[in-house]
Amino acid sequence: MGQVPVEAGSSEVDAMKYLVVGLGNVGAEYACTRHNVGFDVVDEIATRSNATWKVDTLGSIAKVKHRGRTYVLLKPSTLMNRSGKATHYWLDKEKIPKERLLVVVDDLALDFGVLRLRGKGSPGSHNGLKDIDQVTGGGNYARLRVGIGNNFPKGRQVDFVLGKWDATEQAELPPVLAKAADACLSWGAIGVAHTMNEFNG
């Protein structure tokens with residue numbers, strides 16, 4: 001898709017710069033869990049470009065270029081529920097306006113693999129989004145929700161969200177991540193409205 005890796009820490013000034021924040025929890029125990037699908041999506045974007053992740057303040061950073069845009073990818077190293085501090089820090093550090101922020105999160109209300117992009121909105125029940133809203137001053141930023149389904153017994157929501165993908169989901173996950181990565185790049189390249197029309201399902 002033509003992305004060219006850009007080393008984290010580049011001093012170049014780029015008016016077309018975007019911050020894509022994948023939400024998740026750091027630690028081996030959280031790897032391959034449904035709640036970490038935001039991490040998985042930004043990993044997919046970085047992997048395509050052979051971009052290198054750099055551990056930095058409040059998170060890991062990678063940068064890629066695509067269609068003349070620079071995408072700053074962030075995986076916060078705070079817990080999911082404290083994602084606002086890292087998001088705010090990197091918006092400020094990279095001098096990216098909030099209208100060029102996209103946050104990628106899991107969503108129980110959507111069937112597995114369904115994507116829903118919005119240009120702004122409420123956090124719903126997602127504590128990561130709630131914290132970003134609180135720290136950055138509202139929900140006036142784009143968010144891409146990736147459906148993880150809700151196939152769990154009553155009262156077992158936390159176990160499901162923090163649980164590993166089952167074998168069927170694991171097999172079907174790669175094209176979901178690929179489509180979500182495409183949606184993130186499209187959002188920066190052609191805007192939220194056209195991307196919503198193409199990718200929301």
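## Helix 1

In this predicted model, helix 1 covers residues 37-48, and its end C-alpha atoms lie 17 Å apart. That agrees with expectation, because 12 residues at 1.5 Å a residue should span 16 Å.

A good part of this helix is hidden from solvent: Val37, Gly38, Phe39, Asp40, Val41, Val42, Ile45 and Ala46 are buried. Their cover includes helix 5 (167-190) along with several strands, among them strand 2 (17-22), strand 4 (59-66) and strand 5 (69-76). After the helix comes asparagine 50, with a positive phi near 55°.

## Strands 3, 4 and 5

Let's follow the chain onward. Strand 3 (residues 54-56) runs antiparallel to strand 4, joined to it by 3 bridges; valine 55 has serine 60 as its bridge partner. The hairpin of these strands has 2 residues between them, and leucine 58 takes a positive phi near 65° there.

Strand 4 also pairs with strand 5, again in the antiparallel sense, over 8 bridges. Here valine 64 is partnered by tyrosine 71. This hairpin has 2 residues between its strands as well, and arginine 67 in the turn shows a positive phi of about 50°. Strand 4 is mostly covered, with 7 of its 8 residues buried.

## Two nonpolar cores

Tyrosine 71 turns up again in the largest nonpolar core, a set of 35 residues, where Val20, Tyr71, Leu73, Leu102, Leu144, Val146 and Cys184 have the most contacts. Helix 5 supplies the largest share, 10 residues. A second, separate core holds 17 residues, including Val21, Ile61, Met80 and Ile96.

Beyond its neighbours within four places in sequence, valine 20 touches a long list of residues, including Val42 of helix 1, Tyr71, Leu73, Leu102, Cys184 and Trp187.

Key: Residues are numbered from 1 along each chain as its sequence is written. This is a predicted model: local features need pLDDT of at least 70, side-chain atom pairs count only at pLDDT 80 or more; totals for chains, interfaces and linings use all residues. Side-chain values use heavy atoms; hydrogens and water are left out. The expected span of a helix is 1.5 Å times one less than its number of residues. Buried means under 20% relative accessible area, exposed over 50%, partly exposed in between (1.4 Å probe, protein chains only). Contact means heavy atoms within 4.5 Å. A nonpolar core is a set of buried Ala, Val, Leu, Ile, Met, Phe, Trp, Tyr and Cys residues joined through side-chain atoms within 4.5 Å. Two strands pair if DSSP finds at least two bridges between them.
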